[in-house]
Amino acid sequence: MVWLRNLVFIVVLALIARASRHALGNDSAWIFFCTGIVLLLHWHVLQLARVSKWTEDLRRPPPVTTGSWDDLLARLYKYHRSQERRLYDAEEGLQGAVAAGQALPDGVVTLDAGFHITWCNRIARQHLGLRIPADQGQNLLNLMRAPEFVRYASQDSWTEPLLVRSPASNERLLMVQLIVYGRRQRMVLTRDVTQIEKLETTRRDFVANVSHELRTPLTVLAGFLETLKDMPDEALSAEQREQYMGMMLEQAQRMQAIVADLLTLSALEASPSAEPHPVCMRTLIEAARQQAEPLSAGRHRFTWRIDDTLDLLGTPTELGSAVTNLLVNAVRYTPEGGHITISWQRTADGGARYQVTDTGIGIAAHHLPRLAERFYRVDRSRSRESGGTGLGLAITKHIAMRHDGELQIASEVGKGSTFAMAFPAERVTVAEDDTA
Ligand code: ADP
């Protein structure tokens, strides 16, 4: 105890001075006592100076003294160290929380009660086009001015998220959710749902397209059936009946073809890649030829440039369907007298390419990027007349991709088209010699 030690010192000093009074005289005893007190004071001032110097940098250990200051300094130093440790732990925790916020796959912006930005993570900067530190302290409503967001922000509570276009890019669709936390602080969570929205639109369009495609033949078929039902047998000649039956069959076959292609597409989508079984391409191309030449019925000239030594690793039924699709399309979209060249050759990079070039009607450049979409046709009536379902190229593209390849299209209106499937070297294999 500081005061006790000093008290004991003063009492002892007083007792010594008192005891020496007879030997030294009154004055000298007083002088001895006062000198003792002054020395004590001087010692304390010295210690105070050392402590004051130490407080300039509290991270150093405190000065070593003897006597009453040690207890005081030890306690101060201990307290300072414990505070320092707590501060360090708190800083670590804060940095961890900030790093976790930065690592989130969604955007996070923290706001005060007046919607002023206090912090945001990297994704939020991309989603909302925020510039930090320039936008720190800015009111978010000045940066996100979309009326639907302003309306949403002015609500009292936010139970549902809002879909809104990103202020950074109009192409990007964001799902935004406001959350209240702490003392009336707010947080904005942002999620990029552009792809999800696109998929949803594609799905909706697809359902609408399928219904539309099936409705036309169904309407025709139902019309004929109703007519036949209400008509007495003798009202129709044998030829008329034959003609009606033929037309009904045609519509039924059309629906069958659409459903078959849809089933093929969904089967292709169900498994991501094709098994790498050796596939004899010569046989597949020959089978395609068996279908294409009767369809052409001598109206076209064919040139075949087939490398018999090249085979592919993949699924024969899928590759057969893709090879046939491209060839049959060339026949269907090339007027009489046209020339169709089919080639299956190795490419410079060690891969292989199946290519069908025709001198047909060709396709305008703006159609090319959408040509492999489901049900996309350049000329609807022409496609229908020739028995097309509008799904052939979508299927072919899928098959090429499942074999790590790609569908390539080049075309010019009135001059003709080239449709090709290019496969990488890993999918190409040398054909087994079956001549032996
Ligand atoms: P379809 O069953 O209508 O032929 P596809 O998916 O096979 O459907 O082809 C989509 C569209 O691409 C066709 O409707 C046609 O307009 C166009 N097309 C495909 N192949 C050719 C080609 N060789 N020449 C010109 N146009 C073609």
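## Close-up views of a predicted model

**View 1. Threonine 194 in helix α8.** Threonine 194 is part of helix α8, which spans residues 194–230. The model shown here and in every other view is predicted. With a relative accessibility of 15%, threonine 194 counts as buried. A polar atom of the threonine 194 side chain sits 3.1 Å from the backbone nitrogen of leucine 173. Leaving aside residues up to four places away in sequence, threonine 194 touches Glu171, Arg172 and Leu173. Leucine 173 thus appears both in the polar contact and among the residues touched.

**View 2. Strand β8, buried on both faces.** Strand β8 covers residues 310–314, and five of the five are buried, so the strand is largely enclosed by the rest of the structure. One side carries Leu310, Leu312 and Gly314. The other side carries Asp311 and Leu313. Both faces are covered.

**View 3. The strands paired with β8.** Strand β6, residues 277–279, runs antiparallel to β8 and is joined to it by three bridges. Proline 278 has leucine 313 of β8 as its bridge partner. Strand β13, residues 428–430, is also antiparallel to β8, again with three bridges. Here leucine 312 is partnered by valine 428 of β13. Leucine 312 and leucine 313 belong to opposite sides of β8, and both are buried.

**View 4. An edge-to-face aromatic pair in helix α3.** The model has seven aromatic pairs. One of them joins tryptophan 30 and phenylalanine 33 in an edge-to-face arrangement, with 6.0 Å between centres and 85° between planes. Both residues lie in helix α3, residues 26–54. They are three residues apart, about one turn of the helix. What is the exposure of each partner, buried or exposed? Tryptophan 30 counts as exposed, at 53% relative accessibility. Phenylalanine 33 counts as buried, at 19%.

**View 5. A tilted aromatic pair in helix α7.** The ring centres of phenylalanine 149 and tyrosine 152 are 6.4 Å apart and the planes meet at 40°, so this pair is tilted. Helix α7 spans residues 147–153. Phenylalanine 149 and tyrosine 152 are three residues apart within helix α7, about one helical turn. Phenylalanine 149 is buried, with a relative accessible area of 0%. Tyrosine 152 is buried too, with 5%.

**View 6. Arginine 374 over an aromatic ring.** The ring belongs to phenylalanine 206, and arginine 374 lies over its face. The distance to the ring centre is 4.7 Å.

**View 7. Residues around the ligand.** There are 20 residues around the ligand. Which of them come nearest? They are Asn329, Arg332, Tyr333, Ser383 and Leu393. In the side chain of asparagine 329, an N or O atom lies 2.8 Å from an oxygen atom of the ligand. At leucine 393 the contact is with the backbone: a polar backbone atom is 2.7 Å from a ligand oxygen. A nitrogen atom of the ligand is also in view, 3.5 Å from an N or O atom in the side chain of serine 417.

**View 8. A cis peptide bond at proline 133.** Most peptide bonds are trans. The bond from isoleucine 132 to proline 133 is cis, with omega near 15°. Proline 133 is placed in the loop between α5 (122–128) and α6 (140–143).

**View 9. Positive phi at phenylalanine 115.** Most residues other than glycine have a negative phi. Phenylalanine 115 has a positive phi of about 70°, although it is not a glycine. Phenylalanine 115 is found in the loop that runs between β1 (107–111) and β2 (117–120). Is this loop residue buried or exposed? Phenylalanine 115 is buried, with a relative accessible area of 8%.

**View 10. Positive phi at phenylalanine 375.** Phenylalanine 375 likewise has a positive phi, near 70°, in a residue other than glycine. Its place is in the loop between β10 (352–358) and α12 (380–385). At 2% relative accessibility, phenylalanine 375 counts as buried.

Key
Residues are numbered from 1 along each chain as its sequence is written. This is a predicted model: local features need pLDDT of at least 70, side-chain atom pairs count only at pLDDT 80 or more; totals for chains, interfaces and linings use all residues. Side-chain values use heavy atoms; hydrogens and water are left out. Buried means under 20% relative accessible area, exposed over 50%, partly exposed in between (1.4 Å probe, protein chains only). Helices (H or I, at least four residues) and strands (E, at least two) are DSSP runs, numbered from the N terminus. Two strands pair if DSSP finds at least two bridges between them. A polar contact is a pair of N or O atoms within 3.5 Å; within protein, one must be able to donate a hydrogen and the other to accept it, and residues adjacent in sequence count only if both atoms are side-chain atoms. Contact means heavy atoms within 4.5 Å. Rings of Phe, Tyr and Trp (its six-membered ring) pair if their centres lie within 6.5 Å; planes under 30 degrees apart count as stacked, over 60 as edge-to-face and the rest as tilted. A charge sits over a ring if NZ of Lys or CZ of Arg is within 6 Å of the ring centre and within 35 degrees of the ring normal. A residue is near a molecule or strand if one of its heavy atoms lies within 4 Å of it.
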